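User: I should like to learn how the features of a protein model are read, one at a time. Please give the general idea in each case before turning to the example.

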Amino acid sequence: MEKDRYFKEGDVVILRAELPNKPVMMVDKIVRSMIKTGTSSLLGIRCFWYDRNGTLNKHLHSTKDIRYATPEETKKKTMT
């Protein structure tokens, strides 16, 4: 079983799903919502990445949908 790890701003992540051309992303912000009881609830992890055209993309992901990118994945996905 994988040890619980918490994402923080600046972490380099990638989607868990096996998709072609999935982007290597950077965590932009941990998005939380305040509840009336004074506690906060995690809504998701906002990540950003640049596509092949150099366009900035942002998306809110569940922590279950992303994982830390390995050094090999990071090197393989760099833009030329």
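User: What percentage of the 80 residues in the protein is buried?

Analyst: A residue counts as buried under 20% relative accessible area, as exposed over 50%, and as partly exposed in between, with a 1.4 Å probe and protein chains only. Here buried residues make up 24% of the 80 residues. This is a predicted model, in which local features need pLDDT of at least 70 and side-chain atom pairs count only at pLDDT 80 or more, while totals for chains, interfaces and linings use all residues. Residues are numbered from 1 along each chain as its sequence is written, and side-chain values use heavy atoms, with hydrogens and water left out.

User: How much surface does the protein expose?

Analyst: Accessible areas come from the Shrake-Rupley method with a 1.4 Å probe, and for residues only the protein chains shown count as cover. The protein exposes about 6400 Å², and carbon and sulfur atoms supply 53% of that area.

User: Which pattern do the secondary structure elements follow along the sequence?

Analyst: Helices (H or I, at least four residues) and strands (E, at least two) are DSSP runs, numbered from the N terminus. The protein has one helix and five strands, and their pattern along the sequence is β-β-β-β-β-α.

User: In what order do the strands lie in the sheet?

Analyst: Two strands pair if DSSP finds at least two bridges between them. In this model five strands form an open sheet with antiparallel pairing, in the order 4-3-2-1-5. Strand 4 and strand 5 each have a single partner strand, so each edge strand has one side without a neighbour in the sheet. For the angle between strands, axes are lines fitted to C-alpha atoms (for helices over the stretch in contact), and angles run from 0 to 180 degrees between N-to-C directions. Neighbouring strands of this sheet are turned by 45° against each other on average, direction ignored.

User: How many bridges join strand 2 to strand 3, and how many join strand 3 to strand 4?

Analyst: Strand 2 and strand 3 run antiparallel and are joined by eight bridges; Arg-32 stands opposite Leu-42 of strand 3. Six bridges join strand 3 to strand 4, again antiparallel, and Arg-46 has Leu-60 in strand 4 as its bridge partner. Strand 3 and strand 4 form a hairpin with five residues between them, and Gly-54 in the turn has a positive phi of about 85°.

User: Where does a residue other than glycine have a positive phi?

Analyst: Most residues other than glycine have a negative phi. Asn-21 has a positive phi, near 60°. Asn-21 belongs to the loop between strand 1 and strand 2 and is exposed, with a relative accessible area of 61%.

User: Which residues make up the largest nonpolar core?

Analyst: In soluble globular proteins, nonpolar side chains tend to be buried together. A nonpolar core is a set of buried Ala, Val, Leu, Ile, Met, Phe, Trp, Tyr and Cys residues joined through side-chain atoms within 4.5 Å. The largest one here has nine residues: Phe-7, Val-13, Leu-15, Met-25, Val-27, Ile-45, Cys-47, Trp-49 and Ile-66. Strand 1 (12-15), strand 2 (24-34) and strand 3 (40-50) each give two or more residues to this core, and strand 3 provides the largest share, three residues.

User: Which residues does His-61 contact beyond its neighbours within four places in sequence?

Analyst: Contact means heavy atoms within 4.5 Å. Beyond those neighbours, His-61 is in contact with Leu-15, Met-25, Gly-44, Ile-45, Cys-47, Trp-49 and Ile-66. His-61 lies in strand 4 (residues 56-61) and is buried, at a relative accessible area of 10%. By the same exclusion, the contacts of Ile-66 include Phe-7, Val-13, Met-25 and His-61.

User: How many aromatic pairs does the structure hold?

Analyst: Rings of Phe, Tyr and Trp (its six-membered ring) pair if their centres lie within 6.5 Å; planes under 30 degrees apart count as stacked, over 60 as edge-to-face and the rest as tilted. The structure holds two such pairs. Phe-7 and Tyr-68 form a tilted pair, 4.9 Å centre to centre with 40° between the planes. Phe-7 lies in the segment before strand 1 and Tyr-68 in strand 5 (residues 66-68), so the pair ties together parts that are 61 residues apart in sequence. Phe-48 and Tyr-50 form an edge-to-face pair, 6.5 Å centre to centre with 85° between the planes.
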